[in-house]
Amino acid sequence: MTDFIQVTTTASTREEAARIASALLERRLAACAQIVGPIESRYWWKGRIEQSTEWLCIFKTLRVKFPSVEAAIRAIHSYEVPEIVACPIDLASEPYLQWLRSETAG
């Protein structure tokens, strides 16, 4: 099992995405935060297909930090049920993984 994960969430505005990114970085819950957008999202919500413009946030962190990452995102996020998805980083350059580990330590 890998020690490293990539976590994604979406936000309704660029400002909200930036607040989430800043909070995770300031708390050393992520070594890197990327904000991509705007993107168009289509999804089922309360029995209907919805469409919205969102901003995608991508975080690189340690697997052991996921509970804290999830809690921080939930505390800031405006959505009733925010997307918080983690995927393992199975392969990456060793210098990058060393950097990721060092920036999320502590």
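The following questions and answers look at a pocket, a surface patch and some backbone features of a predicted model.

User: What should a reader know about the numbering and the basis of the values?

Analyst: Residues are numbered from 1 along each chain as its sequence is written. Because the model is predicted, local features need pLDDT of at least 70 and side-chain atom pairs count only at pLDDT 80 or more, while totals for chains, interfaces and linings use all residues, and side-chain values use heavy atoms, with hydrogens and water left out.

User: How much space lies in the largest pocket?

Analyst: A pocket here is an open set of points on a 1 Å grid over the protein atoms alone, where a 1.4 Å probe fits, with protein on both sides within 12 Å along at least five of seven lines. A volume is the space filled by probe spheres set on the points, which are joined across faces, edges and corners. By that reckoning, the space in the largest pocket is about 240 Å³.

User: Which element gives the largest share of the lining of the largest pocket?

Analyst: Lining residues have an atom within 4 Å of a point, and among them are T10, S41, Y43, W45, E50 and E83. The elements that give two or more residues to this lining are β2 (32-45) and β3 (48-62), where strands are DSSP runs of E with at least two residues, numbered from the N terminus. The largest share, 3 residues, comes from β2.

User: How many residues of the lining of the largest pocket are charged?

Analyst: Asp, Glu, Lys and Arg count as charged, Ala, Val, Leu, Ile, Met, Phe, Trp, Tyr, Cys and Pro as nonpolar, and the others, Gly among them, as polar. The lining divides into 5 nonpolar residues, 2 polar ones and, as the number asked for, 4 charged.

User: Is Y43 buried, partly exposed or exposed?

Analyst: Y43 lies in strand β2 and is also one of the residues that line the largest pocket. Buried means under 20% relative accessible area and exposed over 50%, with partly exposed in between (1.4 Å probe, protein chains only). Because its relative accessibility is 32%, Y43 counts as partly exposed.

User: Where is K46, which has a positive phi?

Analyst: K46 has a positive phi of about 55 degrees although it is not a glycine, and K46 is exposed, with a relative accessible area of 63%. The place of K46 is in the loop between β2 and β3.

User: Which peptide bond is cis?

Analyst: P38 is found in strand β2. With omega near 5 degrees, the cis peptide bond is the one from G37 to P38.

Key:
Helices (H or I, at least four residues) and strands (E, at least two) are DSSP runs, numbered from the N terminus.
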